[in-house]
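Please open the model in your viewer and keep the sequence panel beside it. The tour begins with the whole chain and then moves to one helix.

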Amino acid sequence: MCGIVGIIGREPVAVRLVEALKRLEYRGYDSAGIATLASGRLERRRAEGKLRNLAARLETEPLAGVVGIGHTRWATHGRPTENNAHPHASRRLAVVHNGIIENFRELREELTAKGHVFATETDTEVVAHLVTDEMDGGLAAEAAVAAALPRLKGAFALAFIFQGENDLLIGARQGAPLAVGYGEGEMFLGSDALALAPFTDSITYLEDGDWAVLTRDGVSFRNAAGETVSRARQRSQASAFLIDKGNHRHFMAKEIHEQPEVVGRTLAHYLDMSNGCVRLPFELPFDASKMTRVTLAACGTAYYAGLIGKYWIERYARIPVEIDVASEYRYREAPLDSSGVMIVVSQSGETADTLACLRYAKQQGQKVLSVVNVATSTIARESDAAALTLAGPEIGVASTKAFTCQLSVLACLAIAIGRARGVLTPERERELVSDLIAVPGLMAEATKREPQIEQVAAALSKASDVLYLGRGTSFPLALEGALKLKEISYIHAEGYAAGELKHGPIALIDEEMPVIVIAPYDSVYEKTVSNMQEVAARGGRIILIADRRAANEAAIDFQAVVAMPDMAPDFAPIVYAVPAQMLAYHTAVAMGKDVDQPRNLAKSVTVE
Ligand code: F6R
């Protein structure tokens with residue numbers, strides 16, 4: 001995480017650095033800072049907290065200079081104080097860093113023994129001292145970076161500027177993304193193309209191990225062996241407009257309401273609506289009729305989407321699916337054979353653990369299909385085929401529209417694989433496709449429950465713990481509902497499989513405990529009713545998300561019923577995600593929380 005940017009220009013860069021950082025704030029917002037070269041001298045401004053604090057600081061203490069670097073931080077090593085904020089500097093250089101230097105302790109000891117004095121608690125500061133040490137030994141800036149990089153272990157993207165070097169900016173990439181942007185007589189570095197979109201749409205992505213030497217007139221690339229290499233230049237699709245909230249108070253609210261449209265767009269990309277079948281816009285990179293197993297790996301919300309995908313792939317394609325959170329899977333040394341395939345799911349396409357699973361599967365000879373929102377991301381580029389979710393940029397840290405688009409794509413993949421394996425008849429495929437076509441309209445209908453959900457949320461905001469229950473595909477949605485609530489309201493929430501309640505968690509139920517039950521009218525509905533009876537018998541306060549038929553049949557005294565439109569149950573999680581997201585959103589708003597930038601979180605998790 002953390003966002004980095006660099007500009008080597010002709011005009012003053014401070015304002016543009018902040019503009020680029022604004023577009024990177026989704027990567028972290030614990031502190032921010034910039035450094036520029038003003039008349040050949042390095043100067044810094046840094047501020048704790050959100051970027052607006054840095055911007056305010058720059059109003060009163062502006063920075064001159066036409067070469068500069070900037071950083072927005074998600075703290076890993078060291079508290080989010082101003083002193084720990086990037087850029088880190090020595091008398092020779094300033095550096096910004098995204099990632100973790102894993103061997104920073106041993107490097108710090110070595111450099112301290114040589115007389116270097118460390119001023120921060122960060123891992124990054126060793127990079128500044130290491131390169132400085134090489135320069136003190138007589139190397140020029142570029143050679144010093146070349147000597148230092150092989151000594152760094154871990155994942156990083158770095159950008160350097162140097163005292164007295166008015167025409168030099170160096171970037172390096174190992175496991176964290178970095179892009180070079182081309183301007184007219186100026187050059188740029190950024191964590192992604194979105195950050196550089198106001199300045200250029202002409203981009204080169206560094207490959208792992210690459211480093212780049214930028215001057216005003218161009219760039220040269222070196223690989224990890226120090227050889228000069230060429231890297232393709234491409235047009236970025238990232239929009240230069242500062243993405244705005246429209247009429248909504250928060251990005252999250254806007255993104256929740258956008259879902260009928262973006263899910264509709266995504267489904268239109270994967271469905272042949274007139275013939276009632278799935279038509280994938282790419283070739284499957286494996287022979288679906290011969291594969292023996294699917295392994296799914298992802299993190300957080302994307303993992304819950306994958307979990308629902310597992311139910312669908314097993315049901316419609318009759319193939320065993322194994323799924324794990326990517327941070328566990330990558331170290332499990334799970335046996336994989338070439339007749340299986342891996343599917344990874346990721347909004348950002350940069351999540352370090354998910355990327356590691358992709359690489360592991362490829363090493364084991366498996367084909368990898370990614371379900372990914374950012375088409376230019378590392379995961380999209382490294383997978384054998386990328387199934388794009390057309391959610392558009394997701395700015396709210398809590399994922400909403402990316403989740404429902406992931407579900408839409410996974411549903412289409414399950415159907416396509418089922419057809420290829422001869423499991424689904426054309427009639428059954430037509431039925432399922434017609435159910436999917438109805439989904440965006442049902443989601444629009446679900447958004448109309450917002451006034452009622454706001455009332456339920458007002459009560460929920462007083463709770464200190466909340467349980468979410470669901471069965472079948474509603475179980476992963478219960479997990480996702482609980483995640484949404486805890487990440488933006490900070491209320492402790494847990495999701496459970498409804499049938500699992502009596503094996504322990506039921507001990508938590510009392511009159512104080514709100515229990516949110518997600519129960520579409522599906523084949524396991526009656527079982528869920530029995531579980532609700534168990535909760536009601538113990539005084540639990542049940543908030544039911546279900547259609548009216550289901551609510552009436554249950555004949556339980558609910559605290560509230562969020563009435564959903566009637567629908568065929570197969571793809572209910574896509575529609576039922578809407579009230580779950582709204583409930584978390586309005587609870588957090590009622591509590592006055594920072595919905596779009598919740599504490600301790602970042603949108604793109606490029607560290608382990
Ligand atoms: C929660 C959330 C995270 C992400 C997770 C994976 O609202 O957004 O749990 O889902 O960090 O991120 P991606 O999908 O970018 O790989």
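With the whole protein chain selected, note that for 608 residues a compact globule would have a radius of gyration near 25 Å, and the chain agrees, because its own value is 25 Å. This is a predicted model, in which the C-alpha trace spans about 80 × 55 × 45 Å along its principal axes.

Colour next by secondary structure, and the protein chain will show 19 helices and 27 strands. If you switch to contacts, counting those between residues at least 6 apart in sequence, 71% of them join residues at least 24 apart.

Now turn on the surface, of which the protein chain exposes about 22600 Å², with carbon and sulfur atoms supplying 48%; of the 608 residues, 61% count as buried. Colouring by charge brings up 63 positive and 75 negative side chains, and the centres of these two sets lie 1 Å apart.

Then select helix H3, residues 104-113, and show the side chains of its buried residues, which are Phe104, Leu107 and Leu111. They lie on the same side of H3, because they cover an arc of only 65° around the axis. The spacing fits a general rule: an α-helix has 3.6 residues a turn, so residues three or four places apart point the same way.

Add strand S6 (93-101) and helix H4 (125-136) to the selection, since the buried residues of H3 pack against both. Rotate to the other side of H3, where Arg105, Glu109 and Ala113 are exposed. Finally, select Gly115, which follows H3 and has a positive phi, near 105°.

Notes:
Residues numbered from 1 in each chain as written. Predicted model: local features only at pLDDT ≥ 70, side-chain atom pairs only at ≥ 80, totals over all residues. Heavy atoms only, no water. Helix = DSSP H or I, 4+ residues; strand = E, 2+ residues; numbered from the N terminus. Rg over C-alpha atoms; globule rule 2.2 N^0.38 Å. Buried < 20%, exposed > 50% of the residue type's maximum accessible area, 1.4 Å probe, protein only. Contact = heavy atoms within 4.5 Å. Areas by Shrake-Rupley, 256 points an atom, 1.4 Å probe, with all protein chains shown as cover. Lys, Arg positive; Asp, Glu negative; His and termini not counted. Charge placed at Lys NZ, Arg CZ, Asp CG, Glu CD. Arc of directions from axis to C-beta.
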